[in-house]
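Colleague: Could you walk me through this one? I would like to start with how the helices sit against each other and then go on to the core and a few single residues.

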Amino acid sequence: MRPPPPRQPPPPAAGARSSVSLQRSFLRSPLGVLRLLQLLAGAAFWITIASSKYQGPVHFALFVSVFFWLLTAGLYFTTLLGKHELVPLLGPRWLLTNMVHDLLAAGLYVAASGIMIDQTQQHNYCNLKDYQLPCAYHSFLAASVCGCFCLSLYLLSALYCSCRCCRGH
């Protein structure tokens, strides 16, 4: 003979984690919009570099753009899904972590943009009207513009996060 079914569901386990829920308010927040723009501009930066024939210090600019694109995507989706408490050391200091990420990204994007501006100036000889050989001038120029745009976006989000930290959020 089988025992009767329990009347109440069993209590959840002590170590159970909450389910994933989409934080819709983050999508409309200034930081959410800035993160999305950073992802788009960062992708444009590294795709523009990767589509040209590059060498030398441009490898560093490509590394910076891909590295911070991946980190920004991780921060964006972790915040969007509301799972920043799963990061053991950084969970309680999530806003400070975002600010440090943005400042570090801005600093390295200064170097990456400077490299791309220098490479653009080095390839300006092929900006002539009748120059027939393939040249990376236009892609380096587009990458320079995208790099400076990324730099400004990371500076804006660092400023936003620092203002929120000062307010005690």
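**Helix packing and core**

Modeller: This is a predicted model, and in it H2 and H4 pack at an angle of about 30°, with their axes 13 Å apart. Because angles under 35 degrees count as roughly parallel, H2 is roughly parallel to H4.

Colleague: What is the handedness of the crossing of H2 and H4, left or right?

Modeller: H2 and H4 cross in a left-handed way. On the H2 side the contact is made by Arg 35, Gln 38, Gly 42, Phe 45 and Ile 49, while H4 brings Asn 98, His 101, Asp 102, Tyr 109, Ala 112 and Met 116. Sorted by class, the contact of H2 with H4 has 5 nonpolar, 4 polar and 2 charged residues.

Colleague: And how far apart are the axes of H2 and H5?

Modeller: The axes of H2 and H5 are 9 Å apart, and the two helices pack at an angle of about 160°. Angles over 145 degrees count as roughly antiparallel, and therefore H2 and H5 are described as roughly antiparallel to each other. The crossing in which H2 passes H5 is left-handed, and by class their contact has 18 nonpolar, 6 polar and 1 charged residues.

Colleague: What about H3 and H4, at what angle do they pack?

Modeller: H3 and H4 pack at an angle of about 155°, and their axes lie 9 Å apart. That angle makes H3 roughly antiparallel to H4, and the crossing of H3 and H4 is left-handed. Many residues make the contact, including Phe 60, Ala 61, Phe 68 and Leu 75 of H3 and Trp 94, Leu 104, Tyr 109 and Ile 115 of H4. By class, the contact of H3 with H4 has 16 nonpolar, 7 polar and no charged residues.

Colleague: Stepping back a little, how many helices and strands are there?

Modeller: The secondary structure comes to 5 helices and 0 strands, and from the N terminus on the elements run α-α-α-α-α. Among contacts between residues at least 6 apart in sequence, 78% join residues at least 24 apart.

Colleague: How much of the protein is buried?

Modeller: Buried residues make up 37% of the 169 residues in the protein. As background, in soluble globular proteins nonpolar side chains tend to be buried together.

Colleague: Then which residues of the largest nonpolar core touch the most other members?

Modeller: The largest nonpolar core has 23 residues, and those that touch the most other members are Phe 45, Ile 49, Ala 61, Phe 68, Tyr 109, Met 116 and Tyr 154. At least two residues of this core come from each of helix H2 (30-50), helix H3 (58-80), helix H4 (94-122) and helix H5 (137-167). H5 gives the most to this core, with 7 residues.

Colleague: Let's pick Phe 45, what is it in contact with?

Modeller: If we leave aside its neighbours within four places in sequence, Phe 45 is in contact with Ala 61, Ser 65, Tyr 109, Ala 112, Met 116, Ala 143, Cys 146, Gly 147 and Cys 150. Apart from the largest core lies another core, of 9 residues, and among them are Phe 26, Leu 39, Tyr 76 and Leu 95.

Colleague: Changing topic, where is Lys 53, and is it buried or exposed?

Modeller: Lys 53 is found in the loop between H2 and H3. Lys 53 counts as exposed because its relative accessibility is 77%, and the cut-off for exposed is over 50%.

Colleague: What does Lys 53 touch, not counting residues up to four places away in sequence?

Modeller: With those residues left out, Lys 53 touches Ala 136 and Phe 140. The C-alpha atoms of Lys 53 and Cys 135 are separated by 8.3 Å, although the two residues are 82 residues apart along the chain.

Colleague: Two more, then: where are Phe 77 and Gly 107?

Modeller: Phe 77 has its place in helix H3, and at 44% relative accessibility Phe 77 counts as partly exposed. Phe 77 and Leu 22 are 55 residues apart in sequence and 9.5 Å apart in space, C-alpha to C-alpha. Gly 107 is found in helix H4, and at 42% relative accessibility Gly 107 also counts as partly exposed. Gly 107 and Tyr 154 are 47 residues apart in sequence, and 9.2 Å apart in space from C-alpha to C-alpha.

Conventions. Residues numbered from 1 in each chain as written. Predicted model: local features only at pLDDT ≥ 70, side-chain atom pairs only at ≥ 80, totals over all residues. Heavy atoms only, no water. Core = buried A, V, L, I, M, F, W, Y, C linked by side-chain atoms within 4.5 Å. Buried < 20%, exposed > 50% of the residue type's maximum accessible area, 1.4 Å probe, protein only. Helix = DSSP H or I, 4+ residues; strand = E, 2+ residues; numbered from the N terminus. Contact = heavy atoms within 4.5 Å. Axes fitted to C-alpha atoms, helices over the stretch in contact; angles between N-to-C directions. Parallel < 35°, antiparallel > 145°, perpendicular 65-115°, else oblique. Left-handed = near helix turned anticlockwise from the far one by under 90°. Nonpolar A, V, L, I, M, F, W, Y, C, P; charged D, E, K, R; others polar.
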